[in-house]
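Hi everyone, thanks for coming. Let's have a look at this one together, and please stop me if a word is new to you.

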Amino acid sequence: MGNYENTKTEYENAFVEERKKHIEMQFMHLNEMQRQAVLATEGPLLILAGAGSGKTTVLINRIYNILKFGCGSDSDEIPYYASEDSADIISRGGDEADRLCALHPAQPWQILAITFTNKAAGELKTRLGNMLGESADDIWACTFHSACVRILRRDADRLGYSKSFTIYDTSDTNSLLRQIIKELDLDEKFYAPKAVAGEISRAKDALIDPPKYIKQASFKADLYHKKVGEIYARYMESLKKSDAMDFDDLIFNTVKLLDSYSEVREYWQNRFRYILVDEYQDTNNLQYYLVSLLTNDENNICVVGDDDQSIYKFRGATIENILNFESNFEDCRTIRLEQNYRSTGHILEAANAVISHNLGRKGKTLWTAKNAGDPVELFVADSERDEAQYIVSKILRGYGSGGKWRDYAVLYRMNAQSNSIEYALKSHNIPYRIVGGTRFFDRAEVKDILAYMCVVLAPNDNLRLQRIINVPARGIGLKSVETALEIGNDNDLSLFDVISHAQSYEQLTRPAARMKEFANMIGELQSFAACNSPADLFDELIEKTGYIRMLQEKKTKEDEARIENVMELKSTMLTYMNESGDSTLEGYLANVALYTDLDNYDNDSDAVTLMTMHASKGLEFPYVFIAGMEETIFPSSRAIGEADELEEERRLCYVAVTRAMKNLYLVAARQRLLFGRTNCNRVSRFVDEIPDEHIKKNIPKGFAYKDPATAYFPGGSRYSGAYEPDNVPQYDTLPGKSYSYSKPKQKITPAPAAKQEKPMLQLELGDNVRHKAFGIGVVVKMMPMGGDYLIEINFETQGSKKLMLKAASLFLEKV
DNA sequence: CGCACCACAATTTTT
DNA sequence: TTGTGGTGCG
């Protein structure tokens, strides 16, 4: 500043000052720190954004600022068109002022905003669209992987791939590795495909290619690394033959491309004037290289992250990226967003307290202007089943008093925990949705159909051809495929080439006819594809291959679900084509590998959400349950004893806790049936890290697990007030499935109940009722539930609603 | 070759 | 507990 004052005229200083003020005025809806982050457009910027601190808002507004005012808020430059009265004009505001304040504004396509998940990218796009209209379409708001795909589609041929390379997902990778390991006659136990995949992934993260890996391994004495080097080399060869890249390759190859071809690098560096990276704490080494390579001399790189929310170290994310950002990028500015807009006081304090037990943080303390709210609640249940019951009764209670199902989320450490909770929700007819788990695109039938389509487009994809060549069974067995593969390897032909001319190889005389038939079918599908829409091809394909018939003939429940999945796949294809404007099958197949279930998650439907804590990152819910707050579950057994991993678990806890807006319930079970084994665990250490003033603990003393009633409500427990005895879940009403411990013989008596002011309405199925708010309807379902009933009514005008009879009695009458 | 059965394993998180 | 992969039989 001081320098300029001497060299600039007074009006110039006034101009710069007015310009900054004017731009600043556009962002008065933000808090001071958020605004600073928005206005600091030039040079490296690190935004440490705590949970719920409005970081997406900041990103959006920052992009808006860059597009509208360029570097106007962050520069002392005086444009040629500024004159002596410019400052005056600006101070009067209006369009003219806006125009004067704009300084080298960026074009939408000069902005690259990288996120971690498709969902986050989609959200960013939507919000940018709302703010900027159509011009937002030109902004690259995408994930690391999809950004790389776009870059590679342009120049992949320089690396020896075609521009229409396919992408192998994790399971493709694993099966290819398994195959290679077998071919090399190695023991699958010792060279577990998954472990090898991890090793290769780590190598790529360190920019080590197979020759380099083999060289490094040659200095070591151990055989393992030498063999892995061999596998690695074969794996890459095989990928290249199939014109395929795995997830890591997408980034690795992009880095390679940018690094080795200066004209490519310059092209992209010139194009992207401003780069923003979200969730920077989750980036790995490769991604760091990528970002550095894309950044030009202007260094307009802005990263947003929260070191306390780094929970993906296990897959190579290195927290160092964020911890070292300031030293990696010179003249970096750092801004902390510490005001939380999401949670009430007790919840936030609990989160702060837990995370403060970690060492090596950037240090950051969230605060809120909200009131303290309710303390966090801890409940120690009897078993995993009671845990679920507790959660369900809490949810029912909240729903009964006017809540929405979608306000509730149940978080857990691992997917296997969802079973008991699902069961309880199901038996109470509570709508719920599970995010994650066995992913849609990992289902065998989905992979099969996709593999078929890939093969139709690119028959040389050996891996996918192998997958479907005998599904449904058509008499081409493992042995035949193996021989065909060998022939292919020897003559440098693809598997498809070999089976197309199977009759010319005497080793294949037996299956030759069937192979030929199969190859012909693929050929027919290819010609069909040439002059029909992808949707029609889809139908033709599942017919002609007999796939649907195979499922229909089996007739089990699972197979019905599989048919549904296949149809669902068709609709995701159509959705993709609609939304992306890309109606080619190639485009769809090229992108489908980057799809995940998370993308299908829509918050429109009114349902309780079940997911892992990892999957919950970035989301928020009014009421959050964290299930399984037990040592060995959370923190997980493999983290205990490892300082680093324990810290990661603690960060995970921090993430989970900060999802809650109004109420947070922590639930533990004294005894838990998991993987067919019953364990007893202590309550999680993370619970103890929450100071007493922020948590209300309910640990039944007179523990008698044969009598759930006393387990829930020990004499004098604080819960007796919150829970009417008649709301005690009655296990006898639960259908099916017996559990390992004996049920109480006698029914739990609904104690001094029934002294209500208004008697419960007597209803039967099929009764017509009038509701004060919803109008006329008919009772379609009644579920007894702890002395009350959960009823479902189909209303003429309002659709179907689920109500608790007792609470609804006030508004209901029979007609 | 295909199916059924059995043994065994592992059992987090994701592009 | 669930799922997977391998084996053995028809």
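Let's start with Asp308 and Lys364, whose side chains meet in a salt bridge at 3.0 Å, N to O. A salt bridge here is a side-chain nitrogen of Lys or Arg within 4 Å of a carboxyl oxygen of Asp or Glu. The pair links distant parts of the chain, 56 residues apart. Asp308 sits in the loop between β7 (301-305) and α16 (320-323), and Lys364 in the loop between α18 (345-355) and β9 (376-383). By helices and strands I mean DSSP runs, H or I of at least four residues for a helix and E of at least two for a strand, numbered from the N terminus. Are these partners buried or exposed? Asp308 counts as buried at 2% relative accessibility, and Lys364 counts as buried at 6%. The cut-offs are these: buried is under 20% relative accessible area, exposed is over 50%, and partly exposed is in between, with a 1.4 Å probe and protein chains only.

A word on the source: this is a predicted model, where local features need pLDDT of at least 70 and side-chain atom pairs count only at pLDDT 80 or more, while totals for chains, interfaces and linings use all residues. Residues are numbered from 1 along each chain as its sequence is written, chains are lettered from A and ligands numbered from 1 in the order in which they are written, and side-chain values use heavy atoms, with hydrogens and water left out.

How many salt bridges does a search of the whole structure find? The search gives 45. Another one joins the side chains of Glu24 and Arg35, at 3.7 Å, N to O. Glu24 lies in helix α2 (residues 10-25) and Arg35 in helix α3 (residues 32-39), so this pair ties together parts that are 11 residues apart in sequence. Glu24 is partly exposed at 29% relative accessibility, whereas Arg35 is buried at 8%. Then there is Asp692 with Lys697, meeting at 3.9 Å, N to O. Asp692 is exposed, at 60%, and Lys697 is partly exposed, at 27%. Salt bridges that share partners also join Lys55, Asp278, Glu279, Asp282 and Lys617 into one network.

Let's stay with α3 for a moment. Its buried residues are Gln34, Arg35, Ala37, Val38 and Leu39. What covers them includes α2, β1 (45-49), α4 (55-69) and β8 (333-337). At the N-terminal end of α3, Asn31 acts as a cap, with a side-chain oxygen 3.1 Å from the backbone nitrogen of Met33. That is a polar contact, meaning a pair of N or O atoms within 3.5 Å; within protein, one must be able to donate a hydrogen and the other to accept it, and residues adjacent in sequence count only if both atoms are side-chain atoms.

Now find helix α29 (residues 585-592). Because 6 of its 8 residues are buried, α29 is largely enclosed by the rest of the structure. The buried ones are Leu585, Gly587, Tyr588, Leu589, Ala590 and Val592. Among the elements covering them are α8 (144-155), α21 (444-457) and α28 (557-580).

Next, Val291, in helix α15 (residues 285-294). Val291 is buried, with a relative accessible area of 1%. Leaving aside neighbours within four places in sequence, Val291 is in contact (heavy atoms within 4.5 Å) with Phe144, Val277 and Ile301.

What about DNA strand C? The residues around that strand are Arg178, Lys182, Glu188, Phe675 and Gly676, where "around" means that a heavy atom lies within 4 Å. A side-chain N or O atom of Arg178 is 3.3 Å from a phosphate oxygen of DNA strand C. Phe675 is in the loop between β14 (660-674) and β15 (677-680). Phe675 is exposed, at 67%, and its phi is near 55 degrees, a positive value in a residue other than glycine.

Two cis peptide bonds to look at before we finish. One joins Val471 and Pro472, with omega about -5 degrees, and another joins Phe634 and Pro635, with omega about 5 degrees. Pro472 is in the loop between α22 (462-468) and α23 (478-491), and Pro635 is in the loop between β13 (621-627) and α30 (643-657).

Finally, the whole chain: chain A has 34 helices and 21 strands, and 53% of its 815 residues count as buried.
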